[in-house]
Structure formats: C-alpha cells, structure tokens
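Hi everyone, thanks for making time this morning. I'd like to walk you through one model, so please have the viewer ready.

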Amino acid sequence: DVKTGKALIAPVFKPLNYAAPLVENGVIYALGRADSLCVALQLPTSVAALRKDGVKELWTRGLKRDRYYGSPVLHEGLLYAFTRNHTLTVLDAKTGETAYTTRVKGLKGHGYMSPTVAGGRVYLNGEKGSMVTLQTGREYVEATPVQFGPFRSNPIFTGKRMYLRTYEYLYCFE
C-alpha cells in the first residue's frame, strides 16, 4: 500500500539477489534467484482482486545455473536473460519455452550489464570492454564483436545514436 508502506500480500517469489524484475503488460518476469529459475506472474487488475485471488503464476522455467546480474529484456515476445559467464537464454514470454540457450563467445570479463535491445539487435557486454551484437529473434545470429576499454555500463540509445560510457571515455555512435 503506497500510503502506509504495508505489504498487501505475502512475497510472491524468492528474493532476487541481483537482477531487478521486469514488468510488461501486467506480467512480472523475475530471474536471478539462487535456484536459477525464471518466473512469470500475472498481476491482478485491482487491489481488491489482488487481495481476493493473489498473483497468478503463468510459468516457471529453470535456467542455466549461474548468477544473473543484469535484468532481462523483453522484445517482440521474447525474453533475453544473460549470465555473468556469458550464457544467453531466450524464452518465449507467453509460454516460458526456450527458443535457444548458448554461450556467447567473444566477450571478456564477467557480464554484469543487462542485455539491451535497439534497432533489431541485442547488445551484450563483458566488463573488460567487449561487446557483441545479435539479431533479435528465435535463432542465434551474431555480428562481429567490438572491443572498448573496460566498462560496466549499458549502452544508451536515443534516436539513431548509441552512447557508451567506459571507465575513461564517453562514446557516441550514429
């Protein structure tokens, strides 16, 4: 309850150690728990419905057992989840079925950043300055990796520009 700060219901999933949950169209997607599960929960449309019926679990899917520091990203019905050791899992957001899971090569250092989507591409980073772009979709199609100086930030997109902050520089690409 925003006014009182009191919980309306008991917690609906185990604590998330690293990644923040994603909410899209009334569904919470949460991953990064110690048990490496991803869960999709349908939020009720009102507080009264929440108190009466609680939250409905749509699906649960086991993921690669690893730490998920970055939050997932949702694009055109696909949920992209990325581990610190560069395993990418792409799930169908409606069913939880796995489209594919793969280890992304060409990244150096841990993957602390969240996957980012822009212009039909998924951007994945390694903390030692590497970045790989993939085509969005149900198949793994990788572009050439790029190397920068070390960074732990996500790229930011505005219009036709991408901004990337490394430890030493701020880059702008158009």
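Let me start with a term: two strands pair if DSSP finds at least two bridges between them. Strands themselves are DSSP runs of E with at least two residues, numbered from the N terminus. Before we use those words, some housekeeping. This is a predicted model, where local features need pLDDT of at least 70 and side-chain atom pairs count only at pLDDT 80 or more, while totals for chains, interfaces and linings use all residues. Residues are numbered from 1 along each chain as its sequence is written, and side-chain values use heavy atoms, with hydrogens and water left out.

Now, please find T158, which stands opposite R161 in β14. Strand β13, residues 156-158, pairs with β14 in the antiparallel sense over three bridges. The two form a hairpin with two residues between them, and G159 in that turn has a positive phi of about 60°.

On the other side of the story is β15, residues 170-173, joined to β14 by four bridges and running antiparallel to β14. Here M162 stands opposite F173, and this hairpin has four residues between its strands.

So which side chains of β14 are buried? By buried I mean under 20% relative accessible area, with exposed being over 50% and partly exposed in between, using a 1.4 Å probe and protein chains only. In β14, residues 161-165, M162 and L164 point to one face and are buried, whereas R161, Y163 and R165 point to the other face and are not. In a regular strand, side chains alternate between the two faces of the sheet.

Next, the sheets. One open sheet of four strands has the order β1-β2-β3-β4, with antiparallel pairing. Its edges are β1 (22-24) and β4 (56-62); each has a single partner strand, so one side of each is left without a neighbour in the sheet. The twist averages 15° from one strand to the next, where axes are lines fitted to C-alpha atoms (for helices over the stretch in contact) and angles run from 0 to 180 degrees between N-to-C directions. Three bridges join β1 to β2, and V23 has I28 as its bridge partner in β2.

Another open sheet of four strands runs β5-β6-β7-β8, again with antiparallel pairing. At its edges stand β5 (73-75) and β8 (98-103). Three bridges hold the β5 and β6 pairing, and H75 has L78 as its bridge partner in β6.

What about the cores? A nonpolar core is a set of buried Ala, Val, Leu, Ile, Met, Phe, Trp, Tyr and Cys residues joined through side-chain atoms within 4.5 Å. The largest has 14 residues, and those with the most contacts inside it include Y29, C38, W59 and L63. β2 (27-30), β3 (37-42) and β6 (78-82) each give two or more residues to this core. A second, separate core of 13 residues includes F82, L88, Y100 and L134.

Last stop: N125, in strand β10, residues 121-126. Is N125 buried or exposed? N125 is buried, with a relative accessible area of 3%. Its contacts (heavy atoms within 4.5 Å), not counting residues up to four places away in sequence, include F82, H110, M131 and F151. The side chain of N125 also reaches the backbone oxygen of S153 at 3.2 Å.

Thanks for listening, and over to you for discussion!

How values were computed
A polar contact is a pair of N or O atoms within 3.5 Å; within protein, one must be able to donate a hydrogen and the other to accept it, and residues adjacent in sequence count only if both atoms are side-chain atoms.
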